[in-house]
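Colleague: Could you take me closely through a single part of this model, the contact between the two chains? Please say what each term means as you go.

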Amino acid sequence: MSVYEKTFTLKDEDHTMGNAIRYMLNKNPQVALAGYSVPHPMERSVNVRVQTTGEVTATAAMRDALLDIISVCDHVHDTFDLAIEEHGEKNATAMETDVAGKGGGSKKK
Amino acid sequence: MAPTTEPKQRSPSIVVQELTHEKIRFALLHTDTSVANALRRVIIAEVPTLAIDLVDVIENTSCLCDEFIAHRLGLIPLLSEKAVEMEFPYDYAGDDESVTDVHFELNTGICASAETVDVTSNDLVCYDPRVAPVNYHPGESIKGKGGAMEFEAQAAARGPDDGPDIPGVVIVKLRRGQQINMRCVARKGVGRDHAKWQPVATATYRFEPEITINEELMATLTEEEKMAFVESSPTALFRYDEATRRVVVDAPDQARSYGYDGECLKKAEELGKPGLVDIRAKEDAFHFTVESTGALRPEEIVVNALKVLERKMEVTRGELDILEREQDEQVAM
């Protein structure tokens, strides 16, 4: 068994992680093949298969994929907080103009 | 780590379209289905909340059997802000009960009313001031006494709710002479173990439609045909502009509710003009609707889901490190 190809079994996980990891692995040009499967719908585990082109080990590719997802989560978290804030501000100003325009501001046909 | 992914996929953007105390609508843009789906799945199945999990029956002379009532108690959504500070009962090995359990009591006393009485979530007495059924108004309980004011004040501090007009969740109905006396323990859990721990009623996303009108072909239609075409879509997708006499795509906000029913495409064929419009789902724009059960605020649910997802990845990365170290040791031997 070479270090460039591996099947990882993630216990107590499902499509949520399997599919996200598979996607991130496939984004990596150093990965030759990546796929996942759920061996049995009632068993909570997923198998993730990684084969690399030989430039990096399968474990390293896996780690990169995980780090990528972590950074996406981080980013979405920050963006979400910002969007909530923005939405709050927009609503506050909309309410003000609504009061000024005696509620006619949001008229729709 | 080489920046192997396109920066676009790494940095999705978000626009919040609607936010109330029980619902959020937002658009997640510039990302992939796998990310959107992971978020949706985690929201449904892996954001922890509190729900009644253990019930001690002391007295039950009602028309429903013990386990039936226990099940109904479990399904009552509880305000779960405290869940993040608590431990899962199956993970916690310590002796401090207060980190896993929240106690409730449901004691109606013997029903004295001539008419049938509803026992609702308002009859639950909570021993933790931060945990209560949603829309909790103990003043509305059968006994309607003591401690109620304190809770009303706390409920008001939590933000807008719909007031006592919203009746409590009916647990069972009692007739004269019947009685219920139970002690309940609420625990932290996740939706994949039991639906009672789901923080949401619905969490869905839909793809944004990209609508292009073939202007050349559209120009060949008569005014009536254009009107008929606009009318053909059950969701208001198009608008006939009187001034320019052209069919235009209605406000994009409207278009978002398109259900991919294809009615307007059928109409185009009926008019003998297939390819009049082209509607395809954008693959990188997701319009989420997350409707809370009331256990957590909708924006809190999304943020918690992201944290859960991130922790999952970090745990797996940790496992990967251990695996690698073990293998290195084996090689060294």
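Modeller: What follows is a description of the interface, with a short look at a sheet beside it.

This is a predicted model, in which local features need pLDDT of at least 70 and side-chain atom pairs count only at pLDDT 80 or more, while totals for chains, interfaces and linings use all residues. Residues are numbered from 1 along each chain as its sequence is written, chains are lettered from A and ligands numbered from 1 in the order in which they are written, and side-chain values use heavy atoms, with hydrogens and water left out.

The contact, meaning heavy atoms within 4.5 Å, draws 44 residues from chain B and 41 residues from chain A. Between them the two chains bury about 4100 Å², of which 66% lies on carbon and sulfur atoms; buried area is the accessible area (1.4 Å probe) that two parts lose on being put together, summed over both. On the side of chain B, Ile14(B), Met313(B) and Leu320(B) supply 15% of the area buried against chain A, more than any other three residues.

Five salt bridges are counted between chain B and chain A, each being a side-chain nitrogen of Lys or Arg within 4 Å of a carboxyl oxygen of Asp or Glu. One of the salt bridges joins the side chains of Asp12(A) and Arg192(B), at 3.1 Å from N to O. Nine residue pairs, both members at pLDDT 80 or more, are in polar contact across the interface, a polar contact being a pair of N or O atoms within 3.5 Å where, within protein, one must be able to donate a hydrogen and the other to accept it, and residues adjacent in sequence count only if both atoms are side-chain atoms.

Helices (H or I, at least four residues) and strands (E, at least two) are DSSP runs, numbered from the N terminus. In these terms, α1 (7-10), β1 (13-19), β2 (23-29), α2 (33-45) and α9 (298-332) of chain B each supply at least two residues of the side that touches chain A, and α9(B) gives the most, with 17 residues.

As for chain A, three of its strands form an open, antiparallel sheet in the order β1-β3-β2, two strands being paired if DSSP finds at least two bridges between them. The edge strands are β1 (5-11) and β2 (31-37) of chain A, each pairing on one side only. Seven bridges join β1(A) to β3 (residues 45-52) of chain A, and Lys11(A) stands opposite Ser45(A) in β3(A).
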